[in-house]
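Open the model in your viewer and keep the sequence panel beside it. The stops below are meant to be selected one after another.

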Amino acid sequence: EGRLAALQALLGRGVAPPLQSIPDVVAGGAVGWLGGSFVASSWIEAMLLQFGAGLPMAYGRVAPPQLYEMLELHVYYRAIADRGLSIERRGESNLLAHVLRDLASGAGGASPQGGGASLYVGHDTNLDGLSALLGLGWPAAPPYPANTTVPGGMLRLTATAAGGATAVCASFLYTRFEDASGGMAEVDALFPTGKPCISLVQLTQLAAAVVDKRC
């Protein structure tokens with residue numbers, strides 16, 4: 001509630017009720033969770049896109065340090081509304097199955113011929129889906145809060161063969177939009193083991209427990 005009030009103070013008064021006074025409710029339809037948290041998340045996502053496009057955020061009322069702080073609200077909302085296991089199994093099982101196929105076949109970098117790469121172009125929902133299904137998280141991606149999906153951000157899974165086994169390492173790449181160079185920072189993405197690398201066998205077992213083959 002305190003962060004909702006802080007965001008409302010940044011936005012200023014309007015004809016709608018204050019964000020912190022709009023009750024959160026579970027509803028049907030595509031959104032599912034409505035209320036002050038949904039409105040706040042929508043505002044913050046718009047600011048993030050404005051920031052990435054080099055536009056003034058919230059009519060020029062929000063500076064980057066304030067956005068970084070408010071992003072925790074957006075990450076929280078998405079964690080509740082979009083990252084539920086049953087939701088992601090239905091939405092992202094097909095994508096995860098294709099990723100595993102490519103890693104196992106050497107398209108993730110582990111082929112005897114020197115490896116290759118498969119690129120999947122998607123949205124923040126796809127990043128959320130893969131990370132939720134595999135239990136992945138990026139606890140540090142400064143200056144952003146943990147597990148923020150930044151415009152242009154990407155999850156990278158790299159397979160490396162050594163000693164008869166294949167390891168898969170995960171990282172999250174993102175830009176800080178500090179200039180127009182497009183340069184990206186990289187941080188470890190951690191599996192449920194707390195480490196950025198696991199064996200391909202372990203990854204396959206993780207996926208087998210969550211992939212819905214009907215999808």
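The tour goes from the whole chain to a helix pair, then to an enclosed helix, and ends at a strand.

**Before selecting anything**

This is a predicted model, in which local features need pLDDT of at least 70 and side-chain atom pairs count only at pLDDT 80 or more, while totals for chains, interfaces and linings use all residues. Residues are numbered from 1 along each chain as its sequence is written, and side-chain values use heavy atoms, with hydrogens and water left out.

**Stop 1: the whole protein**

Show everything as a cartoon. The protein has 6 helices and 6 strands; helices (H or I, at least four residues) and strands (E, at least two) are DSSP runs, numbered from the N terminus. Along the sequence, the pattern reads α-β-β-α-α-α-α-β-β-β-β-α. Along the principal axes, the C-alpha atoms fill a box of roughly 65 × 40 × 25 Å. Of the 215 residues, 39% are buried, where buried means under 20% relative accessible area (1.4 Å probe, protein chains only).

**Stop 2: helices H2 and H3**

Select residues 36-52, which form helix H2, and residues 64-81, which form helix H3. How do the two axes meet? They come within 9 Å and cross at roughly 135 degrees; axes are lines fitted to C-alpha atoms, for helices over the stretch in contact, and angles run from 0 to 180 degrees between N-to-C directions. H2 and H3 are therefore oblique to each other, a term for angles that are not under 35, over 145 or from 65 to 115 degrees.

Now show side chains. Contact means heavy atoms within 4.5 Å. On H2 the contact residues include Phe38, Ile44, Leu48 and Phe51, and on H3 they include Leu67, Tyr68, Leu71 and Tyr77. The residues of this contact divide into 13 nonpolar, 3 polar and 1 charged.

**Stop 3: helix H5**

Select residues 124-134. Helix H5 is largely enclosed by the rest of the structure, because 8 of its 11 residues are buried. Among the buried ones are Leu127, Leu130, Leu133 and Leu134. What do the buried residues of H5 pack against? They pack against helices H3, H4 (85-105) and H6 (200-208), and against strands S3 (154-162) and S4. Step on to Gly135, just after H5, which takes a positive phi of about 70 degrees.

**Stop 4: strand S5**

Select residues 185-188. Strand S5 has Ala185 and Val187 on its covered face, and Glu186 and Asp188 on the uncovered one. Add residues 165-174, strand S4, which pairs with S5 in the antiparallel sense over 4 bridges. Within S5, Asp188 is the bridge partner of Ser171.

How values were computed: Buried means under 20% relative accessible area, exposed over 50%, partly exposed in between (1.4 Å probe, protein chains only). Two strands pair if DSSP finds at least two bridges between them. Ala, Val, Leu, Ile, Met, Phe, Trp, Tyr, Cys and Pro count as nonpolar, Asp, Glu, Lys and Arg as charged, and the others, Gly among them, as polar.
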